[in-house]
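Student: Please take a close look at one part of this model, the loop that I have marked in the viewer. I would like to know what it touches, and then how the parts of the chain around it are arranged.

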Amino acid sequence: MLRAAAAGLSFDEAGDVLRVDGATARKHVRTVIRLTGGSPPAASADDDALRAALAPALAAAAASPPARPRAIRCPEDSVAAELASARLDAALMLPHAEHAADCPACMARLVRFRRGGAPAAVSGHADAPPPERVDVVFWLGVAAGVAVALAYLFLR
Ligand SMILES: [Zn+2]
């Protein structure tokens, strides 16, 4: 959820991928903000305010290595596309969503599919380092999160 938001999905989109409604997705975001020492904005606040309050948690998450070993390999494009469009069975969705959370290449692919991009051929990508382009997209998201976090820290 956090990494999906950091990678550029809206809270609604991230919730859709994880099969939770928008209200539940935002409730999770508020919980994370509280657990990481922040204070969530008022319930009436818009997503921009929520995202700004989440920025420190996103920055901390981006700075820490994945906590879990990868349980599964990078899925085929067809499976990743099913995940992105929330059509994957729940039993398959959870491990693939967890994998994507820890795999920048798969997260970038998830965001791309979600944005309507056609599945690109990525044969052999499972053992190869992610393409440079994917890193750029991912780190741009991380950099934006860090910038917002710094603004949050120094302006409050
Ligand atoms: Zn992967």
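Tutor: Leaving out residues up to four places away in sequence, Ala-86 touches Asp-16, Val-17 and Arg-19. A contact here requires C-beta atoms, placed from the backbone, within 7 Å. The model is predicted, and the values that follow are computed from it.

Ala-86 is in the loop between α5 and α6, the latter covering residues 90-102. Is Ala-86 buried, partly exposed or exposed? Ala-86 counts as partly exposed because 15 other C-beta atoms lie within 10 Å of its own, where a buried residue would need 20 or more and an exposed one would have 12 or fewer. The backbone of Ala-86 has a positive phi of about 60°, although the residue is not a glycine. Ala-86 can also be placed relative to Ala-14: their C-alpha atoms are 9.7 Å apart in space, with their positions 72 residues apart in sequence.

Of the contact partners of Ala-86, Arg-19 deserves its own description. Arg-19 belongs to the loop between α2 (11-17) and α3. Its phi is near 60°, again a positive value in a residue other than glycine. Arg-19 is partly exposed because 13 other C-beta atoms are found within 10 Å. The contact between Ala-86 and Arg-19 thus joins two loop residues, each with a positive phi.

The loop of Arg-19 leads into α3. Helix α3 runs over residues 22-35, which is 14 residues, and spans 20 Å from its first C-alpha to its last, close to the 20 Å expected at 1.5 Å a residue. Just after α3, Gly-37 takes a positive phi of about 90°.

Two packed helices are described by the angle between their axes and the distance between the axes. For α3 and α4 (residues 47-63), the axes come within 9 Å and cross at roughly 45°. That angle makes α3 oblique to α4. The crossing of α3 past α4 is left-handed. Its contact residues are Arg-26, Val-29, Val-32 and Ile-33 on the α3 side, and Leu-50, Ala-53, Leu-54 and Ala-57 on the α4 side. By class, these are seven nonpolar, no polar and one charged.

On the other side of the loop that holds Ala-86, the helix to consider is α5. The axes of α5 (residues 77-84) and α7 (residues 104-114) come within 9 Å and cross at roughly 60°. Here the crossing is right-handed. Helix α5 contributes Ala-80, Ala-81, Leu-83 and Ala-84 to the contact, and α7 contributes Cys-106, Arg-109, Leu-110, Phe-113 and Arg-114. The contact has seven nonpolar, no polar and two charged residues.

Helix α7 also meets the start of the chain. Ala-4, in helix α1 (residues 2-6), is buried because it has 24 other C-beta atoms within 10 Å. Apart from neighbours within four places in sequence, the contacts of Ala-4 are Leu-9, Ala-14, Val-17, Met-107 and Leu-110. Among these, Met-107 is 103 residues away along the chain, while its C-alpha atom is 6.8 Å from that of Ala-4. Val-17 is also one of the partners of Ala-86, and Leu-110 also belongs to the contact of α7 with α5.

Val-111, a residue of α7, is buried because 23 other C-beta atoms lie within 10 Å. Not counting residues up to four places away, Val-111 touches Ala-7, Gly-8 and Leu-9. The C-alpha atoms of Val-111 and Gly-8 are 6.9 Å apart, across 103 residues of sequence.

As for the whole chain, there are eight helices and zero strands. Of the 156 residues, 32% are buried. Among contacts between residues at least 6 apart in sequence, 67% join residues at least 24 apart.

Conventions. Residues numbered from 1 in each chain as written. Predicted model: local features only at pLDDT ≥ 70, side-chain atom pairs only at ≥ 80, totals over all residues. Helix = DSSP H or I, 4+ residues; strand = E, 2+ residues; numbered from the N terminus. Expected span 1.5 Å × (residues − 1). Axes fitted to C-alpha atoms, helices over the stretch in contact; angles between N-to-C directions. Left-handed = near helix turned anticlockwise from the far one by under 90°. Nonpolar A, V, L, I, M, F, W, Y, C, P; charged D, E, K, R; others polar. Parallel < 35°, antiparallel > 145°, perpendicular 65-115°, else oblique.
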